[in-house]
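The following walk starts at one local backbone feature and then widens to the whole chain. Keep the sequence and the coordinates side by side while reading.

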Amino acid sequence: MRSVNQIANREILDLIPYEPGKPIDDVARELGLNPLSIIKLASNENPLGPSPKAITAMREALEKLHLYPDGGGFHLREGIAQEFQLQRENIVLGNGSNEIIELLYHTFTRPGEHEVVTVRNSFAVYHLMAQLFGVKCIEVPDRDYTHDLEAMLAAITPKTRLLFVANPNNPTGTRVSNEALDRFVKALPDHVILALDEAYYEFLDNPPNSLQYVKEGRKVILMRTFSKIQGLAGIRIGYGLACGEISNLLQRARQPFNTNSIAQAGALAGLKDLDHQRKTKQITDLGRALFEDSFKKRGLSYVPSAANFVLVKVGNADQVFKALLQKGIIVRSMVSYKMPEWIRVSIGTNEQNIAFLQALEEILK
Ligand SMILES: Cc1ncc(COP(=O)(O)O)c(C=O)c1O
């Protein structure tokens, strides 16, 4: 008799699943800690929580949960379109921006035939998805933890269909210059789609005018999320901005009700809550300066960040990660990213940041 594994797809059998930041409840259970005492700085979440306006809108949406959501997400897409002076047709909603990545593979790649290009030390989902779809993923070396856009261009072959550039990048927090991005976009051949992952776009000072690429009808999709600056990671909603041709194809590839009604309502209210976004950026800027200043004084190497997290070199990352866990602080060890001496720490409230720095100091002493 054949085992389940013998009849399963090779791609699934070989897949090493995505490793998310450790949930607070898991740590509490495993270490016998009070969940309320645990600080999670592991998934680049918003330390202020969701926008209060989003919470009100989501509570109101609860009353209508007996109805299926509007699969087309009319109101949210209309709201996003207004925000960016685009048309509703330019917007595709996803169950987190992660789903947009998956929709791109569905739409533009065939197993064994096509390739995608990304950079080493970038968001793991790009290559995990490639593996799942049976598509070759070329990871070019980064340059000082930043995307080497020229090397990415050089890696394009006739088989390439997608390029992934996270700007700012996760896990390094680095960005590419606006000029370099512009040159790169204009140099792309016409058989590839650029997936510009802007999950952390709102944290940038002097952000690129990437919307222009969409308005010019280029083969570029901007991927954005409500998980970060909006603080709605738990409800799973993100979106893609692209020319009508691209977004119409992605619409065909999605599940009929891929985003739920509570998420749509919360996202729309959060989008308009500029005050919450401004406060989030402010607290992030302050926390980043504190982290980078403290690492500098302590003589720890770190990668200057443009996002809401910082990569810092601590020696044995797994050991430091575990020692921090014992103190009730969850960060991310970069061992699975093949950076065994680095941890990534998300920027929290000032109190959380100080608690992390004190705990790290005690561990490294
Ligand atoms: C670069 C990048 N892209 C996409 C995502 C996915 O975000 P979500 O699916 O929550 O929208 C993340 C999450 O950490 C990320 O860091």
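Which residue just after α5 takes a positive phi? In this predicted model, that residue is Q85, with a phi of about 50°.

The helix that precedes Q85, α5, spans residues 74-84. Its buried residues are L76, R77, G79, I80, A81 and F84; buried here means that the relative accessible area is under 20%. The cover over these buried residues comes from several elements. Among the strands that contribute are β2 (91-94), β7 (220-225) and β8 (238-241). Helices take part as well, including α10 (211-215), α11 (244-253) and α12 (261-272).

From this helix, the view can be widened to the chain. The protein chain has 15 helices and 13 strands. Of its contacts with a separation of 6 or more, 73% join residues 24 or more positions apart, where a contact means heavy atoms within 4.5 Å.

The overall dimensions come next. A compact globule of 365 residues would have a radius of gyration near 21 Å, and the protein chain agrees because its own value is 21 Å. Along the principal axes, the C-alpha atoms fill a box of roughly 60 × 55 × 50 Å.

As for burial and surface, 53% of the 365 residues count as buried. The protein chain exposes about 17200 Å², and 52% of that area is supplied by carbon and sulfur atoms.

Charge is the last item. The protein chain carries 42 positive and 41 negative charges, and the mean positions of the two sets lie 1 Å apart.

Terms used. Residues numbered from 1 in each chain as written. Predicted model: local features only at pLDDT ≥ 70, side-chain atom pairs only at ≥ 80, totals over all residues. Heavy atoms only, no water. Buried < 20%, exposed > 50% of the residue type's maximum accessible area, 1.4 Å probe, protein only. Helix = DSSP H or I, 4+ residues; strand = E, 2+ residues; numbered from the N terminus. Rg over C-alpha atoms; globule rule 2.2 N^0.38 Å. Areas by Shrake-Rupley, 256 points an atom, 1.4 Å probe, with all protein chains shown as cover. Lys, Arg positive; Asp, Glu negative; His and termini not counted. Charge placed at Lys NZ, Arg CZ, Asp CG, Glu CD.
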